[in-house]
Number of protein chains: 2
Amino acid sequence: MKHSPRVQRLIDTLTCLPGVGPRSAQRMAYHLLERNRDGGRLLAAAMADAMDGVQQCQRCRNFAEEALCSVCADPRRQARQVCVVASPADVLAIEQSGEYHGHYFVLMGQLSPLDGLGPRQLGLDVLEQRLGEGEIDELILATSTTVEGEATAHYIHDMVEGTTVSLSRIAQGVPMGGDLEYVDGATLAHAFRGRRPL
Amino acid sequence: MKHSPRVQRLIDTLTCLPGVGPRSAQRMAYHLLERNRDGGRLLAAAMADAMDGVQQCQRCRNFAEEALCSVCADPRRQARQVCVVASPADVLAIEQSGEYHGHYFVLMGQLSPLDGLGPRQLGLDVLEQRLGEGEIDELILATSTTVEGEATAHYIHDMVEGTTVSLSRIAQGVPMGGDLEYVDGATLAHAFRGRRPL
C-alpha cells in the first residue's frame, strides 16, 4: 500500500531532520495525524517562521532576530574579548558553562576548501578587518579539534601574527569526571603537553 | 543564554514529535537553521498541508485525501471481508504482509471510557449499522492484545452475536524467527491454546 500523496510528502520531508530515517519519519507523521494535528499545525507555523525570520547578528554572525544578537546587544559583556566558534550550538554550550563573559565570533562552519568553505564564507575577512581596526584585544579560539578545526585555528593564528592581539586556544585535556582508562591517547597526549604547575 | 523567541518556539513545538525531547529538539532546530533552511521550509509546508488536507475515508475511517481511501476505492479488493484495526499504522503493517485482500475498518483508538473513547468515538455505531445492512460477510479482529484491545474485541463480539456474520481474530502465538526461550509466558500460553493439527 502506498501512502496518500500528502502523507508521503510529510514523511519524505521529515527525514531532513537529523537522526530521522524513513521509519521514524513514518511514525512521526502518523502520530501527528492521529493524535496531535494542532501540535503539527503549531510546529509547521513555528518552523516556517523560524526559517525566514531568524537572521544572523551583524557583529558576531550568530543567530539573531534583530540587527544584534542578545550577547552583542548586552552592554555588560566585554566587547574587546572575542571567542571564535564554529557554530551557534557551540555558543550555547559555552554560555551554559557560565564561565565566559566576552563576545563571540561565529564562523558557521570551519575551513574546508573542498566543500567550498573558504575564509570568505566563514567571515574571516570581516574578523580580520575588525582586528585591523583595533576593536579586539583578546581572541580565544574554541574551534574543534578536527582537521578542519585545526586548519581554521592555524589560519586565524597566521592572521593575528604581527598584531598586538593576544591569541589563545581553550585547553585540550581530560574531561571532568572522566575515567582516565577510557580517555583516548591523543587527548592524554594533549593533557600531558598542557600540564600546569599546581 | 536564552534562545531568541523564534528559535525557542521552534524548539518547543518540535517536542510534540514522538521520541523528541528538549535536547534533540534543540539539535534539530540548530541543524535546520545552520544547514538546511530550504528543507525546513519544505517540511513546514508539507506538515501544514498534511494536517489540514488529510481527512478520513468515509467508509473505513483510514486516512484519505479523497472521499474514499485507496483500499476502499480499489474494485479488486473484497468489500465483504472487513478487518478491524486500531490505527492507520496497523493497516500499513498488514498491507506490507501482502496476505490480506479485503477492506478495513479503522477505529482510530481502542475502547477506553476513562479517556473519553466510547463506541461512538471509535465509529462502532457506523460499523453496527453496516453489519445490520448486510454489507459484511466476514469480520476479522486485529485489535491489539492490551486491556483496551481485548475490551474492544469483546464489544465487537457482542455486537456481531446473533447475526450471520463470521467473526474471527488473528492468531496469537510465537512470532516468526523468534527464539522460544525469549517468548513470554502469556504468548506461549496463547500459542498452545491456539495449536493447529499438522
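Contact here means heavy atoms within 4.5 Å. The model is predicted: local features need pLDDT of at least 70, side-chain atom pairs count only at pLDDT 80 or more, and totals for chains, interfaces and linings use all residues. Residues are numbered from 1 along each chain as its sequence is written, chains are lettered from A in the order in which they are written, and side-chain values use heavy atoms, with hydrogens and water left out.

**Exercise 1. The surfaces that meet**

Find how many residues each chain gives to the contact, and what share of those of chain A are also interface residues in chain B.

Solution. Start with the counts: chain A gives 56 residues and chain B gives 56 residues. Next, 100% of the interface residues of chain A are interface residues in chain B as well, so the copies meet through the same surface.

Then take the area. The size of an interface is often given as the accessible area lost when the parts come together. Buried area is that loss with a 1.4 Å probe, summed over both parts. For chain A and chain B it is about 5200 Å², with 67% on carbon and sulfur atoms.

**Exercise 2. Salt bridges and helices**

State how many salt bridges the rule finds across the interface of chain A and chain B, and describe one.

Solution. A salt bridge needs a side-chain nitrogen of Lys or Arg within 4 Å of a carboxyl oxygen of Asp or Glu. The rule finds 8 across the interface of chain A and chain B. One of them joins the side chains of A:Glu65 and B:Arg6, at 3.1 Å from N to O.

Now turn to the helices, which are DSSP runs of H or I with at least four residues, numbered from the N terminus. On the side of chain A that touches chain B, helices H1 (5-14), H2 (22-35), H3 (37-53) and H4 (88-97) of chain A each supply at least two residues. H3(A) gives the most to that side, with 16 residues.

**Exercise 3. The relation between the copies**

Work out which turn and shift lay chain A on chain B.

Solution. Superpose the copies by least squares on the C-alpha atoms of residues with pLDDT of at least 70 in both. A turn of 180° and a shift of 0.0 Å along the axis lay chain A on chain B with an RMSD of 0.1 Å. That is the relation of a two-fold axis. In chain A, the C-alpha nearest the axis belongs to A:Ala44, 2.1 Å from it.

Technical notes:
Buried area is the accessible area (1.4 Å probe) that two parts lose on being put together, summed over both.
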